Amino acid sequence: MASFESTGESGENGQLYNGIRLPAQWPPRYNDVPTREPMPVAYLHNIPEPIPIHVGRQLFVDDFLVDPSELRRTFHQAQYHEESPLLRPERPWELEGESKGYPMPTAMVFSDGVWYDPADELFKMWYRCGTGRATCYATSDGGIHWERPELDVVPGTNIVNTLPRDSNTVWLDLFETDPARRYKMFASHGESGEDLGLGIFFSHDGVHWGDMAAKSGQMGDRSTVFYNPFRKVWVYSIKDNFYGRRRRYREHRAVIEGAKWEHREPPLWVGADRLDHWREEQEMYPELYNLDGVAYESLMLGMFTIWHGGGGHDRPKPNDLYLGFSRDGFHWDRAFRKPFVPVSEQQGDWNYGNVQSAGGCCLVLEDHLYFYVSGRAGIPGSDSKTSGECCTGLATLRRDGFASMDSFGQERPLTTRPVLFRGKHLFVNLDAPRGELRVELLDTQREPIPGYGRDDCLPIQADATRAQVSWRHGGNLSAFTGTPVRFRFHLRDGRLYAFWVSPDVSGASHGYVAAGGPGFTGPTDTVGGAAV
């Protein structure tokens, strides 16, 4: 079978930044026959040695970095912010929406995008509004309270694009060298069938978008786009109803060229599987309604909107948000099968149905991650499954807090596989204010390196997302740069979320910061503690 074109970049012989080697055929086409089996993740069964950890904080979301451990891995759910929903429909052009004869006032991210723009030092949100399903724009100083500026696109409103759309993706492209294309919009536009595609727009300010620059090949209505900076490719997450809602995969380094595909030419990618949760009232198999992605620290984070079917006589689609993680950009490990951001079970709540992610997925604000999501309240007391009021809310998580390695009670060890680093200073994300963490440095034979043993390490008692590790003689590891070593973490009564080796004492990880955040000057963390 012919391989599918890729113009992405990798190292020698297809080797990625983390040592993983891509297969000769990329992207893989092993999934041409749909299946309900979980996606196989080949790199977890063929782990490179040593593993380069030059890029970003190293997260414990799988066993890629660590040997089987006495510590217990715990996945964590995001928590809704107490002020959610942050954005409700209130302007005339937001209140006039309707669906199936019922009111559908709308001010919601339907992917769209929420970003922090370092040039303007401002949070920016694009969202779908009621009238004609246009795209609106809002700004915020702190990410909680949002303003609707009066703009000149549709005078007196905050509408920035009048194209009728279903879903949409807006991407703040900090790698773009052409200022006129700094912002990119991919709007799902057209009638169902052959006319439905992504309309591509460019903008210098995120407000003035001009004419449509191109339109993609045929697709399903909830198709989205994200950028994979590890391989320097745009990824088109194409919705297909082949054997239920699932995704097809298209990647290309050039955003316009990437949109040129024939119907069902891109290979099947990923869908819901037999491990996905069934609701009690479910009438059908779960299906993958959407997949948004973003680079976070040292891996790709995926936000999986899983549709559970059914929903009761008065409930909008019961879509919850789940997590996936990828270290090669194609294969997703989904070990955590509880909703990361769930729908509410209380009728009439703003998020009673159809919770969906925002383009960019999350932002980094000091010690927290912000996940903006949409929700739909339904029509209480009616027999309609229509959406009702559609709002935008916020869920939060500890920075790096997707998974922790835990030890409660006696001290237990956690040993990494052999790793390579370029930095000088070891940092950890740790929650152990009443416990303790010590770290030792081992050679590849698991023997402690003199001066860097457990008892040489200064114990850390802290709840901190950026804590430096030191030994009695100091904390400079520059003598070991480029040399394979292992770290062994000795943890008592606490949770360990991440570790990384930074080039300086600021703790800058040089990993990706998703949709950005205050203090960061670009797409990666080059400032460490200075961002706080």
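Trainee: How many bridges join β15 to strand β16, and do the two run parallel or antiparallel?

Mentor: This is a predicted model, and in it five bridges join β15 to β16, with the two strands antiparallel. β16 covers residues 233-240, and β15 covers residues 224-228. One facing position is Val225, which stands opposite Tyr236 of β16.

Trainee: What do β15 and β16 form, and how many residues lie between them?

Mentor: They form a hairpin, with four residues between the strands. In the turn, Lys232 has a positive phi of about 60°.

Trainee: Which residues of β15 point one way, and which the other way?

Mentor: In a regular strand, side chains alternate between the two faces of the sheet. In β15, Thr224, Phe226 and Asn228 point one way, while Val225 and Tyr227 point the other way.

Trainee: Is β15 mostly covered or mostly open?

Mentor: β15 is mostly covered, as five of its five residues are buried. Residues that point either way from the strand are buried.

Trainee: Let us turn to rings. Which residues form one aromatic cluster with Tyr227 and Tyr236?

Mentor: The cluster also holds Trp115, Trp171, Phe175, Phe186, Trp234 and Trp261. Tyr227 belongs to β15, and Tyr236 to β16. Over the whole structure there are 37 aromatic pairs.

Trainee: How is the pair of Tyr249 and Phe330 arranged?

Mentor: The angle between ring planes decides the label, and planes over 60 degrees apart count as edge-to-face. For Tyr249 and Phe330 the angle is 75° and the centres are 4.9 Å apart, an edge-to-face pair. Tyr249 lies in strand β17 (residues 246-252) and Phe330 in the loop between β21 and β22, so the pair ties together parts that are 81 residues apart in sequence. Both Tyr249 and Phe330 are buried.

Trainee: Why is the pair of Tyr370 and Tyr372 edge-to-face?

Mentor: Their planes stand at 70°, with the ring centres 6.3 Å apart, so the pair is edge-to-face. Residues under 20% relative accessible area count as buried. Tyr370 is buried at 12%, and Tyr372 is buried at 1%.

Trainee: Where does the charged end of Arg315 sit?

Mentor: The charged end of Arg315 sits over the ring of Tyr352, 4.3 Å from the ring centre. Another case is Arg376, which lies over the face of Phe110 at 5.0 Å from the ring centre.

Trainee: Now the empty space. How many cavities of 30 Å³ or more are there?

Mentor: A cavity is closed to the probe, whereas a pocket is open. The count of cavities is three, and the largest has about 200 Å³ of space. Of the 21 residues that line the largest cavity, the closest to its centre are Trp115, Leu172, Phe175, Ala514 and Pro523. Trp115 and Phe175 are also members of the aromatic cluster. By class, the lining of this cavity has 17 nonpolar, three polar and one charged residues.

Trainee: How do the residues lining the largest pocket divide by class?

Mentor: They divide into six nonpolar, eight polar and twelve charged. This pocket holds about 560 Å³ of space. Its lining has 26 residues, and those nearest the centre are Ser99, Tyr289, Lys317, Arg376 and Ser387. Arg376 is the residue that lies over Phe110.

Trainee: Which element gives the most to the lining of the second largest pocket?

Mentor: β16 does, with three residues. The second largest pocket has about 400 Å³ of space. Its lining is made up of six nonpolar, nine polar and nine charged residues.

Terms used:
Residues numbered from 1 in each chain as written. Predicted model: local features only at pLDDT ≥ 70, side-chain atom pairs only at ≥ 80, totals over all residues. Heavy atoms only, no water. Buried < 20%, exposed > 50% of the residue type's maximum accessible area, 1.4 Å probe, protein only. Pairing = 2+ DSSP bridges. 1 Å grid on protein atoms, 1.4 Å probe; cavity = no way out; pocket = protein on both sides within 12 Å on 5 of 7 lines; lining within 4 Å. Points joined across faces, edges and corners; volume = space filled by probe spheres on them. Nonpolar A, V, L, I, M, F, W, Y, C, P; charged D, E, K, R; others polar. Phe/Tyr/Trp six-rings, centres within 6.5 Å; stacked < 30°, edge-to-face > 60°. Lys NZ or Arg CZ within 6 Å of the ring centre and 35° of its normal.
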